[in-house]
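Let's take a friendly walk through the charged side chains of this model. Have the structure open as you read.

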Amino acid sequence: MESNRAHIHSETAVHDAFSQSVQRRLRRFRAAARLFTVLGVLLLGALLAVAVAASVAPRLIGLQSYAIISGSMEPAYLTGSLVYAEPIAGADLQEGDVAAFWRDQDVVIHRVVTNDGAEQELVTKGDANAENDVRPVPYANVLGRVTVKVPYVGYFLMALGSTPGKLLLGWIVLMGAVFCIIGSVLGGMAKRSA
């Protein structure tokens, strides 16, 4: 009888140790599942937030976004900044306003030095440049007046214009999706094992 009780106690101890080991593994699986899911959601959420803030939201309120790609407007507008411009007629721009306008095939962001209503053109200058721009800007080329700037976010838009940037964007989306899938699989395994 004593030997039978000792045997049962021994089996119970082994069973309890095994159960505790399984429970520890399940807790690790659940923690890993949460970690992967959170990482995936954060990656995808951050990407979505930047995309919405950079292009979708401004358009909904009538603004257009542009990336600053040179240092001609530093220190007021750092390279890599994202600026938002509201539509405005060239005739309505004032001296000191920062205008977005077409010059050849490029969008330029420079400060208005003079608004010549008779000639219907603007004389502009980059803040960091010593001289005014060589060519005046016809009113027809004016896209808007810069009203808001966000430092560094413009790098994101500039990157999307290049093949490596598009590949990086695809990689970030893929990694976010993979992390979410891994989290879901690990969570499912933990549930089935419980």
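## Asp 127 and its partner

Asp 127 has a relative accessible area of 27%, so it counts as partly exposed. Keep in mind that the model is a predicted one. Which side chain meets that of Asp 127 in a salt bridge? The partner is Arg 111, at 2.8 Å from N to O. Arg 111 sits in strand β4, whereas Asp 127 belongs to the loop between β5 and β6, so this pair ties together parts that are 16 residues apart in sequence. Arg 111 is partly exposed too, because its relative accessibility is 24%.

## Ala 76, a shared neighbour

Look next at Ala 76, in the loop between β1 (64-67) and β2 (82-86). Its neighbours within four places in sequence aside, Ala 76 is in contact with Arg 111, Asp 127 and Lys 149. Both members of the salt bridge between Arg 111 and Asp 127 are thus found in the contact list of Ala 76.

Ala 76 has 25% relative accessibility, so it counts as partly exposed. From Ala 76 to Glu 131 the C-alpha to C-alpha distance is 17 Å, with their positions 55 residues apart in sequence.

## Other salt bridges

How many salt bridges does the structure hold? There are 5. Side chains of opposite charge can pair when their charged atoms come close.

One of these pairs is Arg 103 with Asp 133, whose closest N and O atoms are 3.5 Å apart. Arg 103 is in strand β3 (residues 98-103) and Asp 133 in the loop between β5 (121-125) and β6 (137-138), so parts 30 residues apart in sequence are tied together. Are Arg 103 and Asp 133 buried or exposed? Both are buried.

Asp 104 pairs with Arg 135, and here the closest N and O atoms are 3.1 Å apart. This salt bridge links distant parts of the chain, 31 residues apart: Asp 104 is in the loop between β3 and β4 (106-116), and Arg 135 in the loop between β5 and β6. Asp 104 is exposed because its relative accessible area is 59%, above the 50% cut-off. Arg 135, with 40%, is partly exposed.

## A network and a patch

Some salt bridges share partners, and in this way Glu 86, Asp 97 and Arg 145 are joined into one network.

On the surface, a patch of positive charge gathers Arg 24, Arg 25, Arg 27 and Arg 28. Arg 27 is part of helix α1 (residues 2-60). Its relative accessibility is 48%, so Arg 27 counts as partly exposed.

Definitions and conventions: Residues numbered from 1 in each chain as written. Predicted model: local features only at pLDDT ≥ 70, side-chain atom pairs only at ≥ 80, totals over all residues. Heavy atoms only, no water. Patch = residues over 30% accessible without salt bridge, like charges linked within 9 Å, V, L, I, M, F, W, Y side chains within 5 Å. Areas by Shrake-Rupley, 256 points an atom, 1.4 Å probe, with all protein chains shown as cover. Salt bridge = Lys/Arg side-chain N within 4 Å of Asp/Glu carboxyl O. Lys, Arg positive; Asp, Glu negative; His and termini not counted. Charge placed at Lys NZ, Arg CZ, Asp CG, Glu CD. Helix = DSSP H or I, 4+ residues; strand = E, 2+ residues; numbered from the N terminus. Buried < 20%, exposed > 50% of the residue type's maximum accessible area, 1.4 Å probe, protein only. Contact = heavy atoms within 4.5 Å.
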